[in-house]
Amino acid sequence: MRRLRHDRGETLSDTAKRAGVSPQYLSEMERGSKDPSSEMIEAVAGALEVTLLDLTLAVTEALRVGEARSGSVAAVSVISGSPAPRSVARSARLTSLAPVLALAA
């Protein structure tokens, strides 16, 4: 989210106002310290003029690049197209969007 906001040359206040959230809340979302509802994520995506799908794809790409840099097995599996081993897939499950959003920032 932060990257999209910066790419648009916007301040926290600009984007937060359009999304209907406080600048503090948006900052916490970007840093990954909030666990926002899907409605909040959708509101911020709309304020950034991207779809939820676009935002999800950006997060997925950021995770893929981050995993590839760390040399993890999951990244190799994603890149090669073969399924990740069950233990890797199980450990990679996300229980919250906050850490994912933070990685995309």
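**Figure 1. Confidence runs from a low in helix 7 to a high in helix 2.** In this predicted model, helix 7 (residues 86-91) has the lowest confidence in the protein, with a mean pLDDT of 38. Helix 2 has the highest, at 96. Across the whole protein the mean pLDDT is 75. Of its residues, 67% reach 70 or more. Residues 73-96 form a stretch where pLDDT stays under 50. For that stretch the model has 18 contacts beyond four places in sequence. Where pLDDT is low, the predicted coordinates should not be read in detail.

**Figure 2. The protein is built from eight helices and zero strands.** Read from the N terminus, its elements run α-α-α-α-α-α-α-α. The chain has 105 residues, and 30% of them are buried. Take the contacts between residues at least 6 apart in sequence: 55% of these join residues at least 24 apart.

**Figure 3. Helix 2 packs against helix 3.** Helix 2 covers residues 12-19, and helix 3 covers residues 23-31. Their axes lie 8 Å apart, at an angle of about 105°. Helix 2 is therefore roughly perpendicular to helix 3. From helix 2, the contact takes in Leu12, Ser13, Thr15 and Ala16. From helix 3, they meet Pro23, Leu26, Ser27 and Glu30. Sorted by class, the residues of this contact are four nonpolar, three polar and one charged.

**Figure 4. Helix 3 crosses helix 4.** Helix 4 spans residues 38-47. The axes of helix 3 and helix 4 come within 12 Å and cross at roughly 100°. So helix 3 is roughly perpendicular to helix 4. Tyr25, Leu26 and Met29 are the helix 3 residues here. They meet Met40, Ile41 and Val44 of helix 4. This contact has six nonpolar residues, no polar ones and no charged ones.

**Figure 5. Arg5 is joined to Glu30 by a side-chain polar contact.** Arg5 sits in helix 1 (residues 2-7). Is Arg5 buried or exposed? Its relative accessibility is 6%, so Arg5 counts as buried. The cut-off for buried is under 20%. The polar contact between the side chains of Arg5 and Glu30 is 2.7 Å. Along the chain, Arg5 and Glu30 are 25 residues apart. Their C-alpha atoms are separated by 10.0 Å. Leaving out residues up to four places away in sequence, Arg5 touches Glu10, Thr11, Leu12, Thr15, Leu26, Glu30 and Leu48. Among them, Leu12 and Thr15 also take part in the contact of helix 2 with helix 3.

**Figure 6. Ser27 is a buried residue of helix 3.** Ser27 has 14% relative accessibility, so it counts as buried. Which side chain does Ser27 join by a polar contact? The partner is Arg31, at 2.5 Å. With neighbours within four places in sequence set aside, Ser27 is in contact with Arg2 and Leu12. Leu12 and Ser27 both belong to the contact of helix 2 with helix 3.

**Figure 7. Tyr25 of helix 3 touches Met40.** Tyr25 and Met40 are 15 residues apart in sequence. In space, their C-alpha atoms are 10.0 Å apart. Tyr25 also touches Lys34 and Pro36, not counting residues up to four places away in sequence. In the contact of helix 3 with helix 4, Tyr25 and Met40 are among the residues that take part.

**Figure 8. Leu52 of helix 5 touches Ile41.** Helix 5 covers residues 52-70. At 37% relative accessibility, Leu52 counts as partly exposed. Leu52 and Ile41 are eleven residues apart in sequence. From C-alpha to C-alpha, they are 7.9 Å apart. Beyond four places in sequence, Leu52 touches Ile41, Glu42 and Ala45.

**Figure 9. Glu49 has a positive phi.** Where is Glu49 found? The residue lies in the loop between helix 4 and helix 5. Its phi is about 60°, although Glu49 is not a glycine. Most residues other than glycine have a negative phi. Glu49 is exposed, with a relative accessible area of 62%.

Definitions and conventions: Residues numbered from 1 in each chain as written. Predicted model: local features only at pLDDT ≥ 70, side-chain atom pairs only at ≥ 80, totals over all residues. Heavy atoms only, no water. Axes fitted to C-alpha atoms, helices over the stretch in contact; angles between N-to-C directions. Helix = DSSP H or I, 4+ residues; strand = E, 2+ residues; numbered from the N terminus. Parallel < 35°, antiparallel > 145°, perpendicular 65-115°, else oblique. Contact = heavy atoms within 4.5 Å. Nonpolar A, V, L, I, M, F, W, Y, C, P; charged D, E, K, R; others polar. pLDDT = per-residue confidence, 0-100. Buried < 20%, exposed > 50% of the residue type's maximum accessible area, 1.4 Å probe, protein only. Polar contact = N/O pair within 3.5 Å; in protein donor to acceptor, adjacent residues only side chain to side chain.
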